[in-house]
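Colleague: I would like to go through the ring pairs, the chain symmetry and the cysteines, with the reasoning behind each label.

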Amino acid sequence: MTAAGKTLSELAQQAGGRVVGDGRIVIHKVASIEEAGPGEITFLANPRYQALLASCKASAVIVGPGMVLESPSERRKAYLEAADPYVAFAKILQLFNPSASCREHISSQASIDPGADLEAGVTVFPHVFVGKGTRVGARTVLYSGVFLGEQVQVGQDCVLHPNVVVRDGCRIGSRVVLHAGVVIGSDGFGYAGEGEQRVKIPQVGIVELEDDVEIGANTTVDRATLGRTIIGRGVKIDNLVQIAHNVVVGENSIIAAQAGIAGSTRIGKDVMLGGRVGIINHLTIGDGARIGPGSGILQSVPPGVMRSSGLHAAPHREWLKVVTLLPQLPRLWSLVRNLEKKVSELVKSNDNKS
Amino acid sequence: MTAAGKTLSELAQQAGGRVVGDGRIVIHKVASIEEAGPGEITFLANPRYQALLASCKASAVIVGPGMVLESPSERRKAYLEAADPYVAFAKILQLFNPSASCREHISSQASIDPGADLEAGVTVFPHVFVGKGTRVGARTVLYSGVFLGEQVQVGQDCVLHPNVVVRDGCRIGSRVVLHAGVVIGSDGFGYAGEGEQRVKIPQVGIVELEDDVEIGANTTVDRATLGRTIIGRGVKIDNLVQIAHNVVVGENSIIAAQAGIAGSTRIGKDVMLGGRVGIINHLTIGDGARIGPGSGILQSVPPGVMRSSGLHAAPHREWLKVVTLLPQLPRLWSLVRNLEKKVSELVKSNDNKS
Amino acid sequence: MTAAGKTLSELAQQAGGRVVGDGRIVIHKVASIEEAGPGEITFLANPRYQALLASCKASAVIVGPGMVLESPSERRKAYLEAADPYVAFAKILQLFNPSASCREHISSQASIDPGADLEAGVTVFPHVFVGKGTRVGARTVLYSGVFLGEQVQVGQDCVLHPNVVVRDGCRIGSRVVLHAGVVIGSDGFGYAGEGEQRVKIPQVGIVELEDDVEIGANTTVDRATLGRTIIGRGVKIDNLVQIAHNVVVGENSIIAAQAGIAGSTRIGKDVMLGGRVGIINHLTIGDGARIGPGSGILQSVPPGVMRSSGLHAAPHREWLKVVTLLPQLPRLWSLVRNLEKKVSELVKSNDNKS
């Protein structure tokens with residue numbers, strides 16, 4: 001992480017924003033507000049943490065508009081004021097941490113079918129398997145233990161981390177990042193009939209990941225029964241997420257860890273699913289909808305709304321009573337309805353008497 | 001997926017059902033009702049989608065009893081009428097998509113202990129590890145990155161997808177399919193004592209998967225502390241499911257994605273667990289019980305019932321109030337009980353007066 | 001599991017506890033109370049199962065203080081009476097099942113960077129990858145398919161099961177056990193900006209696992225954005241758990257299967273999280289807190305308390321009504337408040353009249 005330094009002015013130019021203070025100071029590294037020292041830049045995205053600035057030893061701080069402080073002690077610091085300080089922070093981190101060093105080397109301990117086609121600059125670690133008819137785009141990196149089945153297509157500048165599996169026929173766009181243990185194109189969960197007579201429905205569709213998708217460790221994306229499971233351009237998916245067969249996720253949607261989407265459900269564009277959200281099959285989640293962490297979705301959700309059903313834990317003994325009473329909620333309602341009727345009759349009869 | 005064609009009559013004979021219309025038309029492929037074209041067969045399992053038939057270009061349609069349409073435009077189509085159209089669809093898909101081509105080849109890049117025993121026709125991809133005393137049945141396929149520990153038994157005609165791990169001593173029946181990243185026989189989660197004095201309980205039991213089991217990607221099945229964790233014949237388990245030590249799952253049960261079953265719980269036969277169902281330890285779920293998606297199970301469930309506790313998300317702001325009020329449900333009940341008493345006294349006193 | 005026998009007196013000496021009955025009987029194996037036979041020892045941790053003792057064929061039984069039975073049939077058995085019978089059981093199991101046989105062999109089919117440093121007695125299975133500058137401590141075992149990136153540190157006497165991935169720069173203490181498919185150091189889930197303008201925040205921190213940590217199969221632990229994600233000494237984590245970037249888990253905490261902890265949350269020491277617990281980001285869970293299975297945590301939890309929000313499934317049809325009524329809980333409260341007011345007015349007016 002220690003790289004050649006850049007002046008604050010250079011950082012402002014490359015990441016966006018304006019310098020407040022001395023633009024000639026040299027920055028070598030990005031660090032957290034608690035840990036940053038001289039020669040390092042940190043960021044203050046949330047005004048709540050402003051108090052931490054007093055003791056902060058960073059040479060420069062990325063802040064939002066109007067957040068530069070005027071107290072004498074603070075004026076000694078240099079600032080990079082950016083419209084979205086979090087974006088500036090991300091871009092400066094990128095400048096100091098260029099992505100995975102492509103070795104442009106194909107290990108002799110990898111197993112690559114003669115009928116596979118690897119473009120220029122591809123890196124293949126040992127113990128990789130690449131099947132017949134599979135194509136891998138320029139500068140893509142396949143880490144150790146990656147398995148690409150037959151007739152797979154992987155675009156340019158992708159990174160497939162160790163032990164990623166992409167089964168036959170699946171298509172992956174460019175600049176896609178698949179973290180360790182991701183499985184793309186496992187069979188959808190489909191059976192017909194019951195008991196002894198149950199029959200597996202062959203899953204003969206594929207998965208298509210569009211450009212700029214990133215998928216977290218040990219997440220699974222099932223192939224379609226027929227047709228395609230589609231993860232749209234720019235979608236970001238966290239760890240241990242389940243995407244079932246024939247699901248479609250629209251562009252730039254965000255899916256947090258341990259969420260699960262059942263078969264054939266369509267997620268719109270720019271949707272945000274919190275961690276552990278579960279959505280049943282054959283629903284539609286509208287563009288821009290946001291679902292809070294831990295929520296269940298049993299019916300389609302219109303565009304643009306925010307929905308939740310996540311609970312917050314209460315003292316254990318009290319909660320045990322709630323668990324017992326909850327199924328009687330309909331009875332409680334009818335008791336209250338009944339009381340309302342009686343009380344209104346009493347009021348009436350009282351009024352008549354007076 | 002494009003295979004030699006079969007006439008509709010041949011399909012009816014092999015998959016079951018009767019032809020309505022011209023049985024001589026030749027079918028090459030199965031496709032969805034929206035995508036099917038000439039030479040292709042599709043299916044209509046749900047009468048709700050009947051309207052799609054009008055614009056459907058498939059040469060033939062699999063339908064249920066009494067679903068053949070009588071309008072002139074529809075009569076031009078050929079139909080395969082089956083008792084369970086979904087089963088017929090599955091069988092026809094199987095006819096057109098025979099299962100994974102067994103290469104009957106053992107890669108020299110695999111690592112197979114001399115003391116392992118591989119029956120005829122086994123396929124071993126590169127980077128596979130097979131330990132001492134392990135036996136693999138005829139025609140089984142071990143994809144790249146599969147690890148079989150010592151004294152493992154795998155039956156005939158199994159498919160172990162890439163990076164499947166089966167640890168020492170576990171037994172797998174015949175025709176078992178384990179999808180990529182499945183772990184069989186990891187240690188159960190067992191410790192005795194507390195804090196600094198905590199002691200690991202060695203997990204010295206095994207996992208036994210009976211015949212015709214299928215397990216989804218990245219699912220984990222822990223070995224028993226003592227004895228066996230058992231997945232019964234014909235059980236189908238989806239992706240990212242957790243099966244803890246000493247669990248027993250009865251024959252032909254179905255477990256959807258991200259469900260979790262804690263230690264020593266017994267699941268009966270023909271049980272259906274929806275996605276994300278969580279069951280605590282030492283319970284019994286009766287034969288044929290069905291648990292809705294997202295449900296928690298804190299007590300045993302009798303046979304044959306359907307149970308749920310999955311929630312559906314509400315508008316976020318309203319839900320925040322619900323989250324706050326829910327722990328006060330017992331208080332609400334006692335308020336209502338109290339009101340009931342008062343109101344009944346009022347009614348009585350009112351009656352006395354009149 | 002069949003090892004050289006030990007007398008009951010030897011077991012008492014090595015595992016703790018006192019013999020009641022004949023200490024010279026020889027024990028060869030530990031078995032469950034239902035399955036144990038002659039020459040075997042079993043345990044009775046829960047007095048509820050005492051009835052099983054009558055039919056138990058074990059030669060000896062581990063029991064708690066005061067649990068030795070006085071009936072004539074039971075007096076024929078030998079007992080090992082221990083303060084914590086579960087701990088004695090664990091220790092005796094360890095005596096009969098010494099941990100994984102270290103082969104002290106480095107496979108020629110592994111890929112080890114010349115710049116890596118392996119201490120004495122390390123075992124490396126085939127298809128392992130060890131990157132530049134990585135150090136592996138004495139007697140550590142790396143199973144098949146393990147990937148250690150660059151500049152990784154692994155302590156002594158660790159066991160990394162098949163297909164474990166540890167990415168660049170992460171540090172692992174001594175006596176750490178990582179089960180199959182565990183991913184350490186995958187990127188945290190961090191992006192700045194929205195839609196087309198979304199920018200990845202490089203995740204340049206590391207993960208640090210302290211001594212005596214054990215992590216279950218297919219669990220994922222993300223690297224910090226900056227700084228460290230820390231799993232404290234003695235922490236035990238079950239299968240399919242998600243630990244997000246910059247999380248800190250205090251010493252000796254226990255996290256059951258499928259739990260998930262979002263970014264920057266701090267878990268104290270000796271905390272217990274039940275299965276499927278979900279905790280949102282930037283919270284603090286106090287030392288010794290316990291969270292019941294299936295609970296959501298949306299606010300910080302003080303030390304030492306027990307909290308729950310897991311639900312228990314009800315009959316499906318009844319539950320559907322609950323799901324509909326639950327979002328109206330605030331309205332129900334206001335109805336009841338309103339009724340209270342009316343009733344108290346009625347009571348008052350009634351009192352005035354009498």
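Modeller: Rings of Phe, Tyr and Trp pair if their centres lie within 6.5 Å. On that basis this predicted model holds 27 aromatic pairs over all chains.

Colleague: Why is the pair of Tyr86(B) and Phe89(B) called stacked?

Modeller: The ring centres of Tyr86(B) and Phe89(B) are 6.0 Å apart, with 20° between the planes. The cut-off for a pair is 6.5 Å, and planes under 30 degrees apart count as stacked, so both conditions are met by 6.0 Å and 20°.

Colleague: What separates Tyr86(B) and Phe89(B) along helix H3 of chain B?

Modeller: About one helical turn, because the two are three residues apart in that helix, which covers residues 85-96.

Colleague: How do you know whether Tyr86(B) is buried, partly exposed or exposed?

Modeller: The relative accessibility of Tyr86(B) is 33%. Buried requires under 20% and exposed over 50%, so Tyr86(B) is partly exposed. Phe89(B), at 2%, falls under the 20% limit and is therefore buried.

Colleague: What makes Phe43(C) and Phe89(C) a stacked pair?

Modeller: Their centres are 4.0 Å apart and their planes differ by 15°; the first value is within 6.5 Å and the second is under 30 degrees, so the label is stacked.

Colleague: Why is that pair said to link distant parts of the chain?

Modeller: Phe43(C) sits in strand S5 (residues 40-44) of chain C and Phe89(C) in helix H3 (residues 85-96) of chain C, 46 residues apart. Phe89(C) has 2% relative accessibility and counts as buried.

Colleague: Which residues do ring pairs link into a cluster?

Modeller: Phe125(A), Tyr143(A), Phe129(C) and Phe147(C).

Colleague: How do you know what kind of axis relates chain A and chain B?

Modeller: A turn of 120° and a shift of 0.0 Å along the axis lay chain A on chain B with an RMSD of 0.1 Å. The copies are therefore related as by a three-fold rotation axis. In chain A, the C-alpha nearest that axis belongs to His127(A), at 3.5 Å.

Colleague: How many disulfides are there over all chains?

Modeller: Zero.

Colleague: Why does Cys170(A) have no bond to Cys158(A)?

Modeller: The closest cysteine sulfur to that of Cys170(A) is in Cys158(A), 14 Å away. A disulfide needs the sulfur atoms within 2.5 Å, so 14 Å is too far for a bond.

Colleague: What makes Cys170(A) buried?

Modeller: Its relative accessibility is 0%, against a limit of 20%. Cys56(C), at 7%, is also under that limit and so counts as buried.

Conventions:
Residues numbered from 1 in each chain as written. Chains lettered and ligands numbered in written order. Predicted model: local features only at pLDDT ≥ 70, side-chain atom pairs only at ≥ 80, totals over all residues. Heavy atoms only, no water. Phe/Tyr/Trp six-rings, centres within 6.5 Å; stacked < 30°, edge-to-face > 60°. Helix = DSSP H or I, 4+ residues; strand = E, 2+ residues; numbered from the N terminus. Buried < 20%, exposed > 50% of the residue type's maximum accessible area, 1.4 Å probe, protein only. Least-squares fit on C-alpha atoms with pLDDT ≥ 70 in both.
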